[in-house]
Amino acid sequence: MPITHSFDVVIIGAGHAGLEAALASARLGCRTALITLNLEQLVNISCNPSIGGLGKSHLVAEIDALGGEQAKLADLSSIQYKILNRSKGMAVWALRSQIDKYLYARHARRAAEGQEGLKLFQDSVADLLMEDGRLIGLRTERGVVFTCKAAVFCTGTFLRGKITIGEYTHSGGRIGELSCDTLSESLRKTGLRLRRLKTGTPARVHRQSLDFSKMEREEGDEEPLRFHWKEGLNRNPRVPCWLTWTHEGTHRIIRENRHRSPLYSGKIEGIGPRYCPSIEDKVFRFAEKARHQLYLEPEGLDVEAYYVNGCSSSMPEELQWEFMKTVPGMEGVEILKPAYAVEYDSIDSTQLTHALEYKNLPGLFFAGQVNGTSGYEEAAGQGLLAGINAARRARGLGDFTLPRATSYLGVMVDDLVLQGGDEPYRMFTARSEHRLSLRPDNADRRLTAIGRELGLVPDDQWAAFKAKEGRLERILPKLRSESMAPSDLERAFSVRTAESARYAYLFTRSDLDTAALAAVCARELDEREEDVRTLAADLKYHGYVENQRQVVERTRKREETAFPPAFAFEGIPGLKVEAVQNLTRVKPATLGQASRIPGVTPADIQILLHHLGKREG
Amino acid sequence: MNPTEGSPTIIALATPFSVSAIHLLRLSGPLALPFLREATGMNEVVPRHVYTRALRLGGRLLDRVVCFYFQAPASYTGEEMVEIQCHGSPLVAQSILKAAIAWGLAPAAPGEFTHRAFLNGKLTLEQAEAVDGLIRGASEFTRDNALRILERKSSLRFDEARETLVSLLGELETSIEFPEHETDDLFRQRAALYARFRERLAALGDFLEQLTRNYERGKKLEEGIRVVLLGRPNAGKSTLMNALLREDRVLVSPVEGTTRDFVRERLALSGVPVSLYDTAGLREDADELEMRGIAKTRELAQSADLVLVLVHEKACLRELSGFPDLPPPSAGSPSSARPICFPPRPSMRSPPSARRRASRRACA
């Protein structure tokens, strides 16, 4: 008699998406199981040992504001912080942090094991159990049955994962690990469309084989920085990274061995991430560039392994040794783990609803890399949302979704569900129409009340948030009433003014550095700098945001015009064949969603608008 | 791949549907040549050769025609084209059209040949519009302008402007989204980069401004310069209008207030298209209907390119002093002031006192 476990929600895969999904589900009171192929690899930093960056730190802040875990883990394991884009507007500032991957995994495992209502299992899911067109459970390779009301698949690169290094190939989602080969077929049988994607990771090299004296030292920022709402989690030492460059000699070796590159010989079929090209991709696609930068990043405080950022590859191992030895400071390099490419099955994310649930099989959710995204932050964000929705489904509650206008999480899900795309998706600030209002510094003001209402934001976070809101309410009138004297202005910013000017006005001036002014202002008013800074950003962007808001308002009506249930797109006069096909495939709920489907033109939207108007009238 | 590939083959009469020396039928599309072959029985048709043949369809003789063939893409539309000259009878032309449509050709929509030429890159949008301007234009200026645009080989730089904007936007977004690459040589020289942005934007701005100016000028040339005749009742506005038009277009009488509503006529003066407005005469003691006409007059004067003020022999500028909302003769900068001309009249001889008063008034 096989073992049968009974749970509300089962999470398959324990990476960045799986952890957030499992914690969210358990925190919402659901009995939750987290099944992983290998407990020792729980929440592995599989690639770049860093969290954050452009668009990504925005996601981390939103996950934190909703009561997710990633920001906290990042702070606990960070060994260097840096604010990117400091010279640009505050809406595009981004925090990036180097991570000790072992610390990160240890804290993640502690969070999972310490979570009430969450149980961990090491096994491999093979089959879906269905009844009346609903998911009711899963069966593992070993025959163990998990009954559940909802399941979240966070399988990352493990569905039919295949490793390639030159002529060598092996199955596995990461080098030296297993892959999940039967599950793809089970999923396909439900009507899911799968596609083949590819990603890659660079070599890990031994620190003692590197000559840092020939590289540039890249320090982080000195000041205390953090991702998590709570201060003081990070007590780790700060460690530098090292910068060096490839040159013509490096490129020549790669060029001369083009025929041995699986990427260019056609051996690798999966589509790779455009914004994270392998070194051979860079050499061939950007042939005009004389050099490419490589960052040497530590994988942890207690290990000698360095990650060679900028040098992912699937070239044969001996060539990797050869071309890396040409790089200044790497002449004596010793490779611990070669660079490799992974091909894997991902699903066509346009088959999901905005709750990340598979449209044809209620109860089945997907999150993370399996949805065709890349990045820990994108994965964690989806995991959180899918976990929330799986828990709500298990308890008979409706979908939880976030609009594009108030979060990058909303932008990401909307993009995935409506546009999908053929290549791995990563977040950029440019993907949002509301970049000026969606800042990391106001993520809590956008989302914490929502997280609290969901039941994910704990008491201490809520209290801290309310206290901050109180402070901001108190400070704002002061910014409108208090002024800065001309002499102070001239001293601090070399700007001459005839009379003193109020801070609220000064923050809107484009010739003054808003952040620097916020620092001065905070000192003068004896307030916390980060409080003043977030208000300064509000004031600075107010005019633009107001403009944006009006545009949003104007498009909202159209956006929200809903199609009646089972609306047939066929037979509407004037609609292009391609538009009909894509609309029928994606089944948008509203006109706004329809307008973002590839192949649907503004003219088609006009026709639909007209058609819907006629029906109403 | 030709952008209009898959479009039906169209046919249209290119000449007016009336009796004339000849009629010209044009065909464009993949079936143009097959149609010509079948209707004339020719096997081999050499492009750009002139043939005289009997045109028959379904065994019926339609006409004896002159015809020639343009091979794609060397044709007006960029598609396969055939032109057929038949006798200038509307009946003959109509029977050919009917037979061709029954054979499987489609009647062309207005402007469709030029539209296809535009889609196939044979004409720029600007040139396509110039074709329309050339056909419809009523003045020499419009004609010359349209021909100039048609003859200009380099198209307007719309695509170039768009590409500049997209590439600038791309560079800006890249500098925002990939700050990790700031150590790259490109971003090391941020100041140089931004200076280049400014330079390219300024050049683009100049181009767009010039485009706007050209548009204004082109619009004027096409719509005509608005000239408004203004003055007290019986100043001779309608008389001048008729004189310029060389016809008795407007009713003229010695009774004040004969013209109650404005009258517009178009004419070309030295080749310049002009919209000439005769207006209700300005006076304070008019009846209600006339007052409405006077209100209209004021509106017209405000929007005119040129106001021609007509005054009585014994009158002067003072006549208009009761209408302060009208544009003053010399206010504002040269660019914003609307010119007001006082047409010279050979017989004008005002009493010296009145003239002095007028000049004082003007100076005040």
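Here are a few exercises on this predicted two-chain model, each with a worked solution.

Residues count from 1 along each chain as its sequence is written, while chains are lettered from A and ligands numbered from 1 in the order in which they are written. Since the model is predicted, local features need pLDDT of at least 70 and side-chain atom pairs count only at pLDDT 80 or more, whereas totals for chains, interfaces and linings use all residues.

**Exercise 1: the cores**

Find the largest nonpolar core and say which helix gives the largest share of it.

Step 1. Fix the terms. A residue is buried if 20 or more other C-beta atoms, placed from the backbone, lie within 10 Å of its own; 12 or fewer makes it exposed, and anything in between partly exposed. A nonpolar core joins buried Ala, Val, Leu, Ile, Met, Phe, Trp, Tyr and Cys residues through C-beta atoms within 7 Å.

Step 2. The largest core holds 162 residues, and those with the most contacts inside it include A:Val9, A:Val10, A:Ala151 and A:Phe365. Its largest share, 10 residues, belongs to helix 10 (residues 376-394) of chain A. Helices (H or I, at least four residues) and strands (E, at least two) are DSSP runs numbered from the N terminus.

Step 3. Now zoom in on A:Val10. Skipping neighbours within four places in sequence, A:Val10 touches A:Ala33, A:Ile35, A:Leu138, A:Phe146, A:Cys148 and A:Ala151. Contact here takes C-beta atoms, placed from the backbone, within 7 Å.

Step 4. Another core, of 29 residues, lies apart from the 162-residue one, with B:Ile10 and B:Val82 among its members.

**Exercise 2: a covered helix**

Why is helix 11 of chain A called largely enclosed?

Step 1. Count: nine of the 11 residues in helix 11 (residues 408-418) are buried, so the rest of the structure largely encloses this helix. Among the buried ones are A:Tyr408, A:Met412 and A:Leu418.

Step 2. Look for the cover: it includes helix 2 (56-65), helix 10, helix 18 (577-586) and helix 19 (591-595) of chain A.

Step 3. Check what comes next: helix 11 is followed by A:Gly420, with a positive phi near 60°.

**Exercise 3: a three-strand sheet**

Work out the strand order of the open sheet in chain A and find its edges.

Step 1. The order is 4-6-5, with antiparallel pairing. Pairing needs at least two DSSP bridges between two strands.

Step 2. Strand 4 (50-52) and strand 5 (78-84) each have a single partner strand, so one side of each lacks a neighbour in the sheet.

Step 3. Three bridges link strand 4 to strand 6 (residues 94-99), and A:Gly52 sits opposite A:Arg96 of strand 6.

**Exercise 4: strand 5 of chain B**

Which strands pair with strand 5 of chain B?

Step 1. Strand 2 (residues 22-28) runs antiparallel to strand 5 and is joined to it by seven bridges; B:Arg26 has B:Glu83 as its bridge partner.

Step 2. Strand 4 (residues 60-70) also pairs with strand 5 in the antiparallel sense, over five bridges, and here B:Val66 is matched with B:Gln85.

Step 3. Check the cover: five of the seven residues in strand 5 (residues 81-87) are buried.

**Exercise 5: where the chains meet**

How many residues does each chain bring to the contact?

Chain B supplies six residues and chain A supplies 10.

Methods. Two residues are in contact if their C-beta atoms, placed from the backbone, lie within 7 Å.
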